[in-house]
Amino acid sequence: MKKNTLPSSRTNPGKTFYEKVYELVRRIPAGKVTTYGIIAEELSIRSAARMVGWALNHADLETVPAHRVVNRNGELTGKGHFPTPDTMRRMLETEGVSFRPDGSVNLERHLFRFTRSL
DNA sequence: GACATGACGGCAC
DNA sequence: AGTGCCGCCATGT
């Protein structure tokens, strides 16, 4: 049997690291974005935000809205992993996300925070 | 098994 | 305020 080559993640005993990331990303509503750091924090690995990006790199863009994840500056650092360099931005704009003159996402307006206490 | 790399973040300078 | 280095977790060579 093909063992799941997915990371066992000592920080995530049950589900795999990927699943956790994808699940969170799927919670991001259209028109909103979140950062790698925030997701990492939700996963209790704040200092390893890079892992989030790494997980998204293995994500299925068809089922995971990876375009809604930007870095802390609101920059579309993952655009290079989409079909074309402007795919990410176009998708966000389509969802109503506004950008700043420098091309970064206006986090003040679109930053989504995972509300745990509802 | 060691070393380098990665869709990052925080802190020091 | 901008630049640089280190940390952190998993993977590939």
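1. Helices here are DSSP runs of H or I with at least four residues, strands are runs of E with at least two, and both are numbered from the N terminus. A residue is near a strand of DNA, or another molecule, if one of its heavy atoms lies within 4 Å of it. The model is predicted: local features need pLDDT of at least 70, side-chain atom pairs count only at pLDDT 80 or more, and totals for chains, interfaces and linings use all residues. Residues are numbered from 1 along each chain as its sequence is written, chains are lettered from A and ligands numbered from 1 in the order written, and side-chain values use heavy atoms, with hydrogens and water left out.

2. Start with the DNA side. Both α2 (36-42) and α3 (49-57) supply at least two residues each to the surface near DNA strand B. The largest share comes from α3, with 6 residues. Around the strand there are 17 residues, of which Tyr36, Arg50, Gly53, Arg72 and His81 come nearest.

3. What is the class make-up of that surface? There are 7 nonpolar, 8 polar and 2 charged residues. Ala, Val, Leu, Ile, Met, Phe, Trp, Tyr, Cys and Pro count as nonpolar; Asp, Glu, Lys and Arg count as charged; the others, Gly among them, count as polar.

4. Look next at the strand itself. Sugar or phosphate accounts for 48% of the atoms of DNA strand B within 4 Å of the protein. The rest belong to bases.

5. Three base contacts deserve a check. An N or O atom in the side chain of Tyr36 sits 2.7 Å from a base nitrogen of DNA strand B. For the side chain of Arg50, the distance from an N or O atom to a base nitrogen is also 2.7 Å. Gly53 uses a polar backbone atom, 3.4 Å from a base nitrogen.

6. Now the interior. The largest nonpolar core (buried Ala, Val, Leu, Ile, Met, Phe, Trp, Tyr and Cys residues joined through side-chain atoms within 4.5 Å) has 32 residues. Val21, Val25, Ile39, Leu56 and Val105 have the most contacts inside it. At least two core residues come from each of α1 (17-27), α2, α3, β2 (69-70) and α4 (87-94). The most, 6 residues, come from α1.

7. Phe112 lies in the segment after α5 (107-110). Is Phe112 buried or exposed? Phe112 counts as buried because its relative accessibility is 18%; buried means under 20% relative accessible area, exposed over 50%, and partly exposed in between (1.4 Å probe, protein chains only). Leaving out residues up to four places away in sequence, Phe112 touches Arg27, Ile28, Pro29, Lys32, Val33, Thr34 and Ile38, where contact means heavy atoms within 4.5 Å.

Technical notes
A polar contact is a pair of N or O atoms within 3.5 Å; within protein, one must be able to donate a hydrogen and the other to accept it, and residues adjacent in sequence count only if both atoms are side-chain atoms.
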